[in-house]
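Morning, everyone. I have one chain to walk you through. Have a look at it first, then we go element by element.

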Amino acid sequence: MYCDGKMFAIVADDQLFIKPTDAGRAWISAQGTLQEAPPYPQAKPPPKPKKPASAS
């Protein structure tokens, strides 16, 4: 699924997979339990969330 030319989700095996971004995780969490899983067996793992820079 695309919005403004950017992919944000995929449907595979009758399941909706939201791109694992902070906004995507927040939206999913608001819907209920967050369950992260690859959309298909050979899928690359999602990138790790970026840690905020610590203030000095």
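Start with a definition: a helix here is a DSSP run of H or I with at least four residues, and a strand is a run of E with at least two, numbered from the N terminus. Keep in mind that this is a predicted model.

Now the layout. The chain has one helix and four strands. Read from the N terminus, the order is β-β-β-β-α. The helix, H1, covers residues 22–31, and Ile 28 sits in it.

Some totals next. The chain has 56 residues, and 11% of them count as buried. The accessible surface is about 5,300 Å². Carbon and sulfur atoms hold 57% of that surface. Now take the contacts with a separation of 6 or more. Residues 24 or more positions apart make up 16% of those.

On to the hairpin. S3 spans residues 9–12, and S4 spans 15–18. They run antiparallel, and four bridges join them. One pairing to pick out: Val 11 in S3 has Leu 16 in S4 as its bridge partner. Two residues lie between the strands of this hairpin.

What is the phi of Asp 13, in the turn? It is positive, about 50 degrees. Asp 14 is in the loop between S3 and S4 too. Its phi is also positive, about 60 degrees. Neither Asp 13 nor Asp 14 is a glycine. Why mention that? Because most residues other than glycine have a negative phi.

Are these two aspartates buried or exposed? Asp 13 has a relative accessible area of 71%, so it counts as exposed. Asp 14 comes out at 78%, so it is exposed as well. The cut-off for exposed is over 50%.

Stay with Asp 13 for a moment. Its C-alpha atom is 8.5 Å from that of Tyr 40. Along the chain, those two residues are 27 apart.

Now the surface. Which residues make the nonpolar patch? They are Met 1, Phe 8, Val 11, Leu 16 and Trp 27. The patch measures about 520 Å². Val 11 and Leu 16 you have met already, as bridge partners. Phe 8 comes from the loop between S2, residues 6–7, and S3. Its relative accessible area is 36%, which means partly exposed. A patch residue needs over 30%, so Phe 8 passes that cut-off.

Last stop, back to the helix and Ile 28. Its relative accessibility is 21%, so it counts as partly exposed. Buried would require under 20%. Which residues does Ile 28 touch, leaving aside neighbours within four places in sequence? Ile 18, Thr 33 and Leu 34. Take Ile 18. It is ten residues from Ile 28 along the chain, and their C-alpha atoms are 8.0 Å apart. Ile 18 falls within the range of S4, 15–18. So this contact links H1 to S4, because Ile 28 and Ile 18 have heavy atoms within 4.5 Å.

To recap: an antiparallel S3 and S4 pair, a turn with Asp 13 at positive phi, a nonpolar patch of about 520 Å², and Ile 28 in contact with Ile 18. Over to you.

Terms used: Residues numbered from 1 in each chain as written. Predicted model: local features only at pLDDT ≥ 70, side-chain atom pairs only at ≥ 80, totals over all residues. Heavy atoms only, no water. Patch = residues over 30% accessible without salt bridge, like charges linked within 9 Å, V, L, I, M, F, W, Y side chains within 5 Å. Areas by Shrake-Rupley, 256 points an atom, 1.4 Å probe, with all protein chains shown as cover. Salt bridge = Lys/Arg side-chain N within 4 Å of Asp/Glu carboxyl O. Buried < 20%, exposed > 50% of the residue type's maximum accessible area, 1.4 Å probe, protein only. Pairing = 2+ DSSP bridges.
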